[in-house]
Amino acid sequence: KLHNTILELKGNIRVFCRVRPLLPDYGSSGEGKVISYPTSMEALGRGIDLVQSGQKHSFTFDKVFMAEASQEDVFEEISQLVQSALDGYKVCIFAYGQTGSGKTYTMMGKPGQPEQKGLIPRSLQQIFQTRQSLLSQGWKYEMQVSMLEIYNETIRDLLSTNRSSLDLLRSENGIGGKQYTIKHDANGNTHVSDLTIVDVRSAREVSYLLERAAQSRSVGKTQMNEQSSRSHFVFTLRISGVNESTEQQVQGVLNLIDLAGSERLSKSGSTGDRLKETQSINKSLSSLSDVIFALAKKEDHVPFRNSKLTYLLQPCLGGDSKTLMFVNISPELSSAGESLCSLRFASRVN
Ligand code: ADP
Ligand code: MG
């Protein structure tokens with residue numbers, strides 16, 4: 001029996017596990033689920049058991065959400081973290097897990113189902129509401145949004161108004177195109193050359209941009225035969241606030257990241273482009289794990305430069321920034337192997 005815990009990972013890093021329900025179209029095969037709450041009462045709400053081939057694997061996280069947890073329940077647990085971006089913190093929230101485990105549901109929700117909206121729209125709603133209520137205390141905030149995708153270690157601007165997929169093609173083929181070079185300045189601000197940054201005044205404006213980004217992703221999908229599950233989606237909200245009476249200033253950043261699917265592709269089946277994709281996903285996900293682990297252990301050397309994703313987010317991962325990782329889990333027996341990998345990834349055993 002394995003007992004793994006991430007609870008020694010203190011500081012500003014939290015890991016939440018979320019198990020999605022069995023999907024309605026799934027019932028017919030009747031294989032049932034392999035995920036349950038642990039029997040020990042003290043682990044309730046924080047523990048999770050996975051039984052595979054008669055063997056029980058137990059894990060403990062900062063929080064576990066089982067199938068019955070609503071989007072609202074989940075948001076309740078993170079709203080303070082989101083709020084801290086308005087207080088000048090740099091915040092990163094990741095969704096990690098195999099394709100189909102509920103990452104996009106957790107981040108964005110279900111299209112056309114307002115009560116099932118995910119943490120990106122909920123966060124924006126809260127931030128803009130709070131901004132409004134802080135006006136009376138003299139706080140004036142400015143917000144900027146950027147959205148990008150990292151595919152095969154290449155950045156793609158999702159808000160660029162034209163030819164973004166052509167840019168992808170060009171940079172893939174190494175014949176020019178935009179470079180999207182990442183630079184960090186002395187104040188801990190990240191600059192990505194050529195990246196579109198949009199001033200936003202309301203949650204509605206951001207929703208509009210999110211829709212545009214989704215379109216831009218799907219255009220790339222057909223043209224490049226790319227699937228969104230093979231790329232990382234990075235939503236960034238930069239917040240700068242000034243208090244007009246006290247002259248206090250704050251600069252916060254909220255990064256919300258829907259990671260590429262963590263599933264291992266069978267080695268024999270991956271060749272050419274698919275192999276390259278798999279290698280770059282593996283590289284960036286393991287780099288992310290290395291970085292978070294090094295930060296949690298307060299190691300002197302944190303290997304930010306090993307992938308585009310970790311380098312891009314460097315100022316928002318170290319220092320007094322706050323990081324939350326959702327590990328999304330599919331409950332079905334057929335996913336047991338991948339689920340075990342995800343749980344181990346999150347508790348950093350592998
Ligand atoms: P991923 O982004 O990890 O590939 P999705 O978020 O697309 O996975 O989820 C796969 C399917 O499961 C979608 O149809 C989604 O709406 C549904 N789903 C995921 N999580 C939940 C949940 N907690 N409650 C209800 N449906 C969910
Ligand atoms: Mg998805």
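These legends go with a set of close-up views of a predicted model.

**View 1. The whole chain, before we zoom in.**
Let us start with the overall make-up of this predicted protein. Its secondary structure comes to eight helices and 15 strands. Of the 350 residues in the protein, 52% are buried. Among contacts with a separation of 6 or more, 69% are made by residues 24 or more positions apart.

**View 2. Strand β7 and its two partners.**
Here we look at strand β7, which spans residues 90-96. Is this strand mostly covered or mostly open? It is mostly covered, with seven of its seven residues buried. Lys90, Cys92, Phe94 and Tyr96 point one way from β7, while Val91, Ile93 and Ala95 point the other way. Residues on both sides are buried, Lys90 included. The strand has β14 as a partner, pairing in the parallel sense over six bridges. To find your place in that pair, look for Cys92, whose bridge partner in β14 is Asn255. Strand β15 (residues 322-329) also runs parallel to β7, and six bridges join the two. A handy landmark for this pair is Val91, which stands opposite Lys322 in β15.

**View 3. Ile257 and its neighbours.**
Now move to strand β14, where you will find Ile257. How much of Ile257 is accessible? Its relative accessible area is 0%, so Ile257 counts as buried. Leaving aside residues up to four places away in sequence, Ile257 touches Cys92, Ile93, Phe94 and Ala95, and also Met107, Phe233, Val234, Leu309 and Leu313. Four of these names will be familiar from the view of β7, since Cys92, Ile93, Phe94 and Ala95 are residues of that strand. Tyr96 is another residue to look for: its C-alpha atom and that of Ile257 are separated by 8.8 Å, although the two residues are 161 apart along the chain.

**View 4. The largest nonpolar core.**
As background, nonpolar side chains in soluble globular proteins tend to be buried together. The largest nonpolar core in this model holds 51 residues. Which of them touch the most other members? They are Ile48, Phe61, Phe94, Leu259 and Met325. The largest share of this core, eight residues, comes from helix α6 (residues 272-296). Apart from this core lies another one, of 41 residues, including Val74, Tyr141, Val145 and Leu254.

**View 5. Two members of the core, Met325 and Phe61.**
Not counting residues up to four places away in sequence, Met325 touches Arg14, Val15, Phe16, Phe94, Tyr96, Leu259, Leu288, Ile292 and Phe345. Phe94 and Leu259 in that list also belong to the group that touches the most other core members. Phe61, for its part, sits in the loop between β5 (55-60) and β6 (63-65). With a relative accessible area of 0%, this loop residue is buried. The C-alpha atoms of Phe61 and Gly47 are separated by 6.3 Å, with the two residues 14 apart along the chain.

**View 6. The largest pocket.**
This view turns from packed side chains to open space. The largest pocket encloses about 1200 Å³. Its lining has 49 residues, and Thr104, Tyr105, Met108, Gly109 and Lys110 lie nearest the centre. Which element gives the largest share of the lining? That is α5, with nine residues. At least two residues each come from β2 (13-19), α2 (103-107), α3 (119-134) and α5 (203-224). Sorted by class, the lining has 21 nonpolar, 19 polar and nine charged residues.

**View 7. The second largest pocket.**
This pocket has a volume of about 440 Å³. It is lined by 27 residues, with Asn189, Thr190, Thr236, Arg238 and Val253 nearest its centre. Two or more lining residues come from each of β8 (139-151), β11 (190-192), β13 (232-243), β14 (249-258) and α7 (308-317). The lining has eleven nonpolar, twelve polar and four charged residues.

**View 8. The second largest cavity.**
The model has three cavities of 30 Å³ or more. The second largest has a volume of about 50 Å³. Its lining includes Ile150, Tyr151, Asn152, Arg230, His232 and Ser284. Helix α6 gives the most to this lining, with three residues, and β8 supplies at least two. By class, the lining divides into three nonpolar, five polar and two charged residues.

Note on methods. Residues numbered from 1 in each chain as written. Chains lettered and ligands numbered in written order. Predicted model: local features only at pLDDT ≥ 70, side-chain atom pairs only at ≥ 80, totals over all residues. Heavy atoms only, no water. 1 Å grid on protein atoms, 1.4 Å probe; cavity = no way out; pocket = protein on both sides within 12 Å on 5 of 7 lines; lining within 4 Å. Points joined across faces, edges and corners; volume = space filled by probe spheres on them. Helix = DSSP H or I, 4+ residues; strand = E, 2+ residues; numbered from the N terminus. Nonpolar A, V, L, I, M, F, W, Y, C, P; charged D, E, K, R; others polar. Core = buried A, V, L, I, M, F, W, Y, C linked by side-chain atoms within 4.5 Å. Buried < 20%, exposed > 50% of the residue type's maximum accessible area, 1.4 Å probe, protein only. Contact = heavy atoms within 4.5 Å. Pairing = 2+ DSSP bridges.
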